[in-house]
Amino acid sequence: MHSAICPGSFDPITYGHLDIIGRASALYDEVVVAVLVNQTKGSMFTVEERMEMIREVTKDFANVRVDSWSGLLVEYCKTHNIPAIVKGLRAVSDFDYELQMAQMNHQLAGIETVFISTSPQYSFLSSSLVKEIAKYGGDVSEHVPPIVLTQLLARLKADKS
Ligand code: PNS
């Protein structure tokens, strides 16, 4: 069985992430979408909330499962016998850091990284921008699934009151 992992912060998941997850699910027998806990990065949603949203929006992909991890990505891969990491590349600006991580992960544990080029309509999309735009009242309904939009607006409303 060929499996792969799509790791990320997913705070929250966007259509850009979903595009990569869907395309990875067509390439591999099983795809684990893993919410990685980043201690240095503040987050809007808890890991559980992020996982729940991902579960909901990936429910049509039968071979996708959702998990979380707070250590090194390669440790998760080794423990679960996952030989490949799938990452989306939006633009050249992503490349330097992604290449560095891919080389490090390969050096650490022989785990391969497979890059999928983001669909052009998502090349400018990021969770950070979505949160910023929504915070200032902008419309992000084209960028996140409806269930994520609902949670995002509810969280922003709760934070205001
Ligand atoms: O969505 P993000 O924040 O761009 O995802 C980055 C992520 C979570 C994939 C990356 O920071 C990561 O792999 N973190 C886990 C810790 C780790 O293994 N760090 C060493 C990377 S070489």
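How do the residues of the shell around the ligand divide into nonpolar, polar and charged? There are six nonpolar, four polar and two charged ones. Keep in mind that this is a predicted model.

**Around the ligand**

Let's put names to that shell. The stretch from Pro7 through Gly8 to Ser9 is part of it, and so are Leu36 and Lys41. Gly71, Leu72 and Leu73 also surround the ligand, along with Lys87, and Met101, Met104 and Asn105 complete the list. In terms of secondary structure, β1 (3-8) and α4 (92-109) each bring at least two residues to the shell. The top contributor is α4, with three residues.

Two polar contacts are worth a look when you zoom in on the ligand's oxygen atoms:

| Residue | Atom on the protein side | Distance to a ligand oxygen |
|---|---|---|
| Ser9 | side-chain N or O atom | 2.6 Å |
| Leu73 | polar backbone atom | 2.9 Å |

So much for the contacts; now the surface. On its own, the ligand would expose 550 Å², and the protein buries 73% of that. As for where the ligand sits, the answer is the largest pocket.

**The loop after β1**

Now follow the chain to the loop between β1 and α1, where Phe10 is found. Phe10 is not a glycine, yet its phi is positive, near 50°. Pro12 has its place in the loop between β1 and α1 too. The peptide bond that joins Asp11 and Pro12 is cis, with omega at about 0°. For context, most residues other than glycine have a negative phi, and most peptide bonds are trans.

**A salt bridge from the loop**

What does the side chain of Asp11 meet in a salt bridge? The partner is the side chain of Lys131, at 2.8 Å from N to O. Lys131 belongs to helix α5 (residues 127-135) while Asp11 is in the loop between β1 and α1 (15-27), so this pair ties together parts that lie 120 residues apart in sequence. Across the whole structure, a search turns up 11 salt bridges.

How values were computed. Residues are numbered from 1 along each chain as its sequence is written. This is a predicted model: local features need pLDDT of at least 70, side-chain atom pairs count only at pLDDT 80 or more; totals for chains, interfaces and linings use all residues. Side-chain values use heavy atoms; hydrogens and water are left out. A residue is near a molecule or strand if one of its heavy atoms lies within 4 Å of it. A polar contact is a pair of N or O atoms within 3.5 Å; within protein, one must be able to donate a hydrogen and the other to accept it, and residues adjacent in sequence count only if both atoms are side-chain atoms. Accessible areas come from the Shrake-Rupley method with a 1.4 Å probe; for residues, only the protein chains shown count as cover. On a 1 Å grid over the protein atoms alone, a cavity is a set of points where a 1.4 Å probe fits but cannot get out, and a pocket is an open set with protein on both sides within 12 Å along at least five of seven lines; lining residues have an atom within 4 Å of a point. A molecule sits in a cavity or pocket if more than half of its atoms lie within 2 Å of its grid points. Helices (H or I, at least four residues) and strands (E, at least two) are DSSP runs, numbered from the N terminus. Ala, Val, Leu, Ile, Met, Phe, Trp, Tyr, Cys and Pro count as nonpolar, Asp, Glu, Lys and Arg as charged, and the others, Gly among them, as polar. A salt bridge is a side-chain nitrogen of Lys or Arg within 4 Å of a carboxyl oxygen of Asp or Glu.
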